[in-house]
Amino acid sequence: MASHCCDETWFVLCARCRRQPAGGTVLSTDAPSAPARRACCSRCQRPAVACLCAFIAPVDNLVEVLVLQHPLEQQQAKGTARLLTLSLRHSQLVVGERFEPAALQALLHRPSPKGAAVLPLLLYPSDAVPAMPVPTPPAVAPSPAGLRLVVLDGTWRKSRKMLALNPALQALSRLSLNTPPPSRYAVRRAEQAQQRSTLEATVLALQQLEGDATRYAPLWSGFDAMVARLALHARQHGPPVG
Ligand SMILES: [Zn+2]
């Protein structure tokens, strides 16, 4: 299915992956007779002018990552979940707000590729929603390969709604970040002081679970470069397009 994201006149190839936009015909830069819509890069799903592929730094994460993305985040220009999941080799991004219970259970609890059981952990402050009881974490934590980090990608309000709408998420043990450093993400205002972008929070959690920060250095570099481009674009042109 074509992944057009906003109005524009012609298609271009992604600068890095050189792929043709999904469902689109590559046109010359001569103005076409009939206007088309701007196409997204088929790899990162962003408008070609905002392609993220140059910032992707593939990393072999030990703890698998499942990102559940709120639909309103899909076209958010300042979102970081797409860069995150394109960079983590063992990750999956699924879009939705209220998930079909059986499908969500399968996503959360599916075994590892080797058939071993995997413990899902929800990256969410344990005291964030006092009305919901928080399950006790297991006494003996599995190795990183036996864990699946579940991340909700949305504003604070939307992530709380996703949690409220999906009992299977409420039933998960939670992981909170230990004294995270200040956010490096200067282009999107946090609703709460301790909030981090989805990419930052996830990578900090992976470092915490795996006990190895060096593995993620390339991913941080790619993230910093993306933030720098967003900041430059905002100074030159105003807020980035969708
Ligand atoms: Zn791209």
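Helix α5 has 13 residues, and at 1.5 Å a residue these should span 18 Å; the end C-alpha atoms of α5 are 18 Å apart, so expectation and model agree. Bear in mind that this is a predicted model. Around α5 there is a protein of 242 residues, 33% of which count as buried. It holds six helices and seven strands, and here is a friendly tour of how they fit together.

**Helix α5 and its surroundings**

- The buried residues of α5 are T198, L199, E200, A201, T202, V203, A205 and L206.
- Strands β3, β5, β6 and β7 are among the elements that cover these buried residues, and so are helices α1 and α6.
- Directly after α5 comes G211, with a positive phi of about 65°.

**Overall layout and confidence**

- Read from the N terminus, the order of elements is β-β-β-α-β-α-β-β-α-α-β-α-α.
- If you take the contacts between residues at least 6 apart in sequence, 72% of them join residues at least 24 apart.
- The average pLDDT is 78, and 72% of the residues score at least 70.
- Among the elements, strand β3 (residues 64-69) has the highest mean pLDDT, at 97, while strand β1 (residues 4-7) has the lowest, at 36.
- Residues 1-35 have a pLDDT below 50, and this stretch makes 75 contacts in the model beyond near neighbours in sequence.

**The sheet**

- Five strands form an open sheet in the order β4-β3-β6-β5-β7, with parallel pairing.
- Its edge strands are β4 (91-95) and β7, each of which pairs on one side only.
- From one strand to the next, the twist averages 30°.
- In general, strands of a sheet pair through backbone hydrogen bonds, either parallel or antiparallel.
- At the β4 edge, β3 and β4 pair in the parallel sense over five bridges, and L66 has Q92 as its bridge partner in β4.
- Further in, β3 and β6 pair in the parallel sense over six bridges, with L152 in β6 as the bridge partner of L68.
- Strand β5 (residues 119-123) pairs with β6 (residues 147-153) in the parallel sense over four bridges; in β6, L147 is the bridge partner of L119 and V150 that of L122.
- Strand β5 also pairs with β7 (residues 173-175) in the parallel sense, over three bridges, and there L122 has R174 as its bridge partner.

**Burial in β5 and β6**

- Seven of the seven residues of β6 are buried, so this strand is largely enclosed by the rest of the structure.
- In a regular strand the side chains alternate between the two faces of the sheet.
- In β6, L147, L149, V151 and D153 point one way, R148, V150 and L152 point the other way, and all are buried.
- Its partner β5 is mostly covered, with four of its five residues buried.

**The nonpolar core**

- The largest nonpolar core has 46 residues, and those with the most contacts inside it are L83, L121, L122, L123, L149 and V150.
- Strands β3, β5 and β6 each supply at least two residues of this core, as do helices α1 (81-87), α5 (198-210) and α6 (217-237).
- Which residues does V150 contact, leaving aside its neighbours within four places in sequence? They are L66, L68, L108, P120, L121, L122, L123 and L172.

**Two loop residues to look at**

- N166 lies in the loop between α3 (156-165) and α4 (167-170).
- Is N166 buried or exposed? N166 counts as buried because it has 21 C-beta neighbours inside 10 Å, and the cut-off for that class is 20 or more.
- Not counting residues up to four places away in sequence, N166 touches R98, F99 and L104.
- N166 and P101 are 65 residues apart in sequence, yet their C-alpha atoms are 7.5 Å apart in space.
- V49 has its place in the loop between β2 (37-39) and β3.
- V49 counts as partly exposed because it has 13 C-beta neighbours inside 10 Å; a residue counts as exposed at 12 or fewer.
- From V49 to A39, ten residues away in sequence, the C-alpha to C-alpha distance is 9.6 Å.

Methods
Residues numbered from 1 in each chain as written. Predicted model: local features only at pLDDT ≥ 70, side-chain atom pairs only at ≥ 80, totals over all residues. Contact = placed C-beta atoms within 7 Å. pLDDT = per-residue confidence, 0-100. Pairing = 2+ DSSP bridges. Core = buried A, V, L, I, M, F, W, Y, C linked by C-beta atoms within 7 Å. Expected span 1.5 Å × (residues − 1). Axes fitted to C-alpha atoms, helices over the stretch in contact; angles between N-to-C directions.
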